[in-house]
Amino acid sequence: MRRIGAHVSIAGGVSNAIYRQQDIGGNTGQIFVSSPRIWKVSPPSSEEASSFRMQRKKFDQAPYVVHSMYLVNLGTKNDDIFYKSLKALQEELNVAHMLGIEYFVFHPGAHTGGFEREEGLKRISQGLNELLVPKDTKLLLENTTGKGTTIGRTFEELAAIIEGSDKDFSSLGICFDTCHAFCGGFPIHTEKGLESTIDKLDEVIGIENLGVIHLNDSKHPFDSRKDEHEHIGMGYIGDEAFKRFLNDPLLTNIPLILETPVSQDLDHSWDISKVKSFIRNSDV
Ligand code: MN
Ligand code: MN
Ligand code: ZN
């Protein structure tokens, strides 16, 4: 069975994410466990956590993903930000563990504060060394558009971070965001470009280390290095490209998480139905 869901809110308690996902027709999902733009992580109570686990089992939503807060940056020369990031990531990882969540996605960071790119890459690897990744959770590095000093646009950079750390693919992996790849210069909108991108991913990272796909169309053109998500098929990637992407035999077992916009008339249920209609030969 294909796994398709969306990033949903935990407002009112983390179990509400399960009901929201159910409402939009998803069978996998992603949440923030803290406010994405504030450093503070407030863990759920043990009652809330066990209710989340129970509801998730009941509605068969799996696997599940925690997305880290946006403030974290392990690639910076600034010690204050680096250590705050480490602390926040560890606290969020601990919440993922409490909730029994399989994947934890974060953006590798940006080489700021006077660091060169190589120094930034090294610092991220050092950061990874400090983190205790719960046994049943995988830490996934998300590819980025490469805007500014951002690290992680290419598979080579993601691989360098992992290889430079003392961890390996038993606790680490990657998350592939279609909007970020497209705006970062990977031509996934053409048949050939998709093939070469997936080949590269397999060669450099290994398809078996791809944990989650973030399925987003893009409000900005190819190679623009911008990052604004659009409803599936309504952006520059387009319907035909998503049909090819969704039916690529190498990707059929990877959970799909939508991070598409939500408006009054077009919410995640629209995108989920559209994605399902694009998938051939399956029991979605
Ligand atoms: Mn992300
Ligand atoms: Mn994403
Ligand atoms: Zn994005």
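**Entry 1: the zinc site.** I began with the zinc ion (ligand 3), whose donor residues are spaced H-x46-D-x1-H in sequence; I note here that the model is a predicted one. Looking up the donor atoms, I found NE2 of His180, OD of Asp227 listed twice, and NE2 of His229, at 1.9 to 2.6 Å. I then checked the angles among the four donor atoms, which run from 52 to 135°, and I recorded the site as irregular. For two of the donor residues I looked up accessibility: Asp227 has a relative accessible area of 32% and is partly exposed, whereas His229 counts as buried because its value of 18% is under 20%.

**Entry 2: the manganese ions.** From the zinc ion (ligand 3) I went to the manganese ion (ligand 1), 5.3 Å apart from it. The manganese ion (ligand 2) is 3.2 Å from the manganese ion (ligand 1), and I noted that Glu142 coordinates both. For the manganese ion (ligand 2) I listed Glu142 (OE), Asp177 (OD), His214 (ND1) and Glu259 (OE) as coordinating, at 2.1 to 2.2 Å, with the spacing E-x34-D-x36-H-x44-E along the chain. Glu142 sits in strand E6 (residues 138-142) and Asp177 in strand E8 (residues 172-177), so I wrote down that this pair, 35 residues apart, links distant parts of the chain. I found both Glu142 and Asp177 buried.

**Entry 3: Phe242.** Last, I looked up Phe242, which lies in helix H8 (residues 239-246) and counts as buried because its relative accessibility is 1%. Leaving aside neighbours within four places in sequence, I found Phe242 in contact with residues including Thr178, Leu215, Ile232 and Phe278.

Note on methods: Residues are numbered from 1 along each chain as its sequence is written. Chains are lettered from A and ligands numbered from 1 in the order in which they are written. This is a predicted model: local features need pLDDT of at least 70, side-chain atom pairs count only at pLDDT 80 or more; totals for chains, interfaces and linings use all residues. Side-chain values use heavy atoms; hydrogens and water are left out. Donors are N, O and S atoms within 2.8 Å of the metal (3.2 Å for Na, K and Ca); water is not among the atoms, so sites may look incomplete. Helices (H or I, at least four residues) and strands (E, at least two) are DSSP runs, numbered from the N terminus. Buried means under 20% relative accessible area, exposed over 50%, partly exposed in between (1.4 Å probe, protein chains only). Contact means heavy atoms within 4.5 Å. Four donors count as tetrahedral if all angles lie between 85 and 135 degrees; four count as square planar and six as octahedral if opposite donors are over 155 degrees apart and all others between 65 and 115; anything else is irregular.
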